[in-house]
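Welcome! Here is a short briefing to help you find your way around a protein you have not met before. Take a look at the sequence and the model first, and then read on.

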Amino acid sequence: MKKLTKMLAVLFALCLALTGCGSDNQPSNDGGNQTANYKIGIMQMMDHEALNLAQEGFIAALAENGYVDGENITLLLENGQGDTNNLSTIADKFVSENVDLAFCIATHSTQAMAGKTTEIPIVATAVTSFTKAGLVASDEEPGGNITGTSDMNPISDQIDLMLQLFPDIQTVGFLYTSSEDNSVLQCQIAKDYLATKGIATVERTITNTNDIQQATQAIVSECDAIYIPTDNNFASAMPTVNEVTQAAGIPTICGESNMVRSGGTATVGLTYYGIGYQAGLMAIDILANGADPATMPIQGSSDFEYCLNGDSLEALGVTVPEDLAEYVVYPSAEAE
């Protein structure tokens, strides 16, 4: 009887071990640090080129490291279309689906997800200041379930580029969304830097894309140049801005290169594909290696690029300096 009891205990232990080995989310033993069937929710605030590129970079980082949608991971792709109610609904869906990780693109997406869970790891990108947005305790020690990559730009370099191309500027106008904390922060940094150079500033803010044309029309008569940060509403409507600024002969310095290609004049900034890719590597570290978001510092980009709109500069009668000539693009030619 004792022998039979022992044998049954051994068989029970073996069954438990085999059941554990069959779990979907356990690392494989192939030495490739891969996993089976991780579920990752991707929430994008709205549709525009920069945020699309961040998503592409994230997915590319996963795929290039062996994590492929439909093979060993499942990606749930959702877009809030700029509506905070949609973002809240998407966050609820990710929680109910019990995703293994949420990738949030832009501040409002991240805030929506953060408001629904303190357990699911969240990796975010296209957030200028995680601390300003109330998402982490500090960049060095986030302290919760959120980490990611910042889209903070080299703002002083952008202003220097503006003054290099347009040295006679006396007043700079600012256009941004009043509810986007990241836009407010970037503009304040730019204003402070311009103040050190004795240049005046004016501003117009919007609440949604419907206000963009009116705000742009109102400011062009008050300034010599316009600065627009990496603001999601303006990024999605740069052709509208361009119609007004081109007619008024006012240059526009933007937060990132896709805004320049859509009608801005010039920038030096990060690549959204790059910070999306960085975020993808951070997600892999969490899923494959058990890294804790609470102790993963917020990462910034060190890869910046110039972008000058040749069509805009020609219309403004500006000769491009030789050292910047290689960075000139012609959107009109690219569209053909």
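Strands, as the word is used here, are DSSP runs of E with at least two residues, numbered from the N terminus. With that in hand, glycine 173 can be placed in strand β6. Please keep in mind that this is a predicted model.

**The protein as a whole**

- The secondary structure comes to 13 helices and 12 strands.
- The protein has 336 residues, and 49% of them count as buried.
- About 15200 Å² of the protein is exposed, with carbon and sulfur atoms supplying 48% of that area.
- Taking contacts between residues at least 6 apart in sequence, 69% join residues at least 24 apart.

**Strand β6: threonine 171 and glycine 173**

- Strand β6 covers residues 171-177, and threonine 171 is part of it.
- Is threonine 171 buried or exposed? Its relative accessibility is 16%, so threonine 171 counts as buried, since the cut-off for buried is under 20%.
- Beyond its neighbours within four places in sequence, threonine 171 touches Ile199, Ala200, Thr201 and Val202, and also Glu222, Cys223, Asp224 and Ala225.
- Glycine 173 is buried too, as its relative accessible area is 0%.
- Which residues does glycine 173 contact, once neighbours within four places in sequence are left aside? They are Val202, Ile219, Cys223, Ala225, Ile226 and Tyr227.
- Glycine 173 and valine 202 are 29 residues apart along the chain, and their C-alpha atoms are separated by 4.8 Å.

**Helix α3 and its meeting with α4**

- Valine 95 sits in helix α3, which spans residues 84-96.
- With a relative accessibility of 33%, valine 95 counts as partly exposed, because that class lies between the 20% and 50% cut-offs.
- Leaving out neighbours within four places in sequence, valine 95 is in contact with Met113, Lys116, Thr117 and Ile120.
- From C-alpha to C-alpha, valine 95 and glycine 41 are 9.3 Å apart in space, with their positions 54 residues apart in sequence.
- How do the axes of α3 and α4 (residues 107-114) cross? They come within 8 Å and cross at roughly 50°, which makes α3 oblique to α4.
- The crossing of these two helices, α3 and α4, is right-handed.
- On the α3 side, Leu87, Ser88, Ala91, Phe94 and Val95 take part, and they meet His108, Ser109, Ala112 and Met113 of α4.
- Sorted by class, this contact of α3 with α4 has 6 nonpolar, 3 polar and no charged residues.

**Two loop residues with positive phi**

- Most residues other than glycine have a negative phi.
- Asparagine 98 has a phi near 55°, a positive value in a residue other than glycine.
- Asparagine 98 lies in the loop between α3 and β3 (101-105), and its relative accessible area of 56% makes it exposed.
- Alanine 106 has a positive phi as well, near 90°.
- Where is alanine 106 placed? It belongs to the loop between β3 and α4.
- Alanine 106 is buried, with a relative accessible area of 0%.

**Helices α5 and α6**

- Helix α5 (residues 155-165) packs with helix α6 (residues 181-196) at an angle of about 55°, and their axes are 9 Å apart.
- That angle makes α5 oblique to α6, and the crossing is right-handed.
- Ile155, Ser156, Ile159 and Asp160 of α5 make the contact with Gln186, Ile189, Ala190, Tyr193 and Leu194 of α6.
- By class, the residues in the contact of α5 with α6 are 6 nonpolar, 2 polar and 1 charged.

**Helices α2 and α11**

- Helix α2 (residues 49-64) and helix α11 (residues 272-289) have axes 6 Å apart and pack at an angle of about 40°.
- They are therefore oblique to each other, and α2 passes α11 in a right-handed crossing.
- Residues of α2 in this contact include Leu53, Phe58 and Leu62, while those of α11 include Tyr273, Tyr277 and Leu281.
- The contact of α2 with α11 has 14 nonpolar, 3 polar and 2 charged residues.

Notes: Residues are numbered from 1 along each chain as its sequence is written. This is a predicted model: local features need pLDDT of at least 70, side-chain atom pairs count only at pLDDT 80 or more; totals for chains, interfaces and linings use all residues. Side-chain values use heavy atoms; hydrogens and water are left out. Helices (H or I, at least four residues) and strands (E, at least two) are DSSP runs, numbered from the N terminus. Buried means under 20% relative accessible area, exposed over 50%, partly exposed in between (1.4 Å probe, protein chains only). Contact means heavy atoms within 4.5 Å. Accessible areas come from the Shrake-Rupley method with a 1.4 Å probe; for residues, only the protein chains shown count as cover. Axes are lines fitted to C-alpha atoms, for helices over the stretch in contact, and angles run from 0 to 180 degrees between N-to-C directions. Angles under 35 degrees count as roughly parallel, over 145 as roughly antiparallel, 65 to 115 as roughly perpendicular and the rest as oblique. A crossing is left-handed if the near helix is turned anticlockwise from the far one by less than a right angle, and right-handed if clockwise. Ala, Val, Leu, Ile, Met, Phe, Trp, Tyr, Cys and Pro count as nonpolar, Asp, Glu, Lys and Arg as charged, and the others, Gly among them, as polar.
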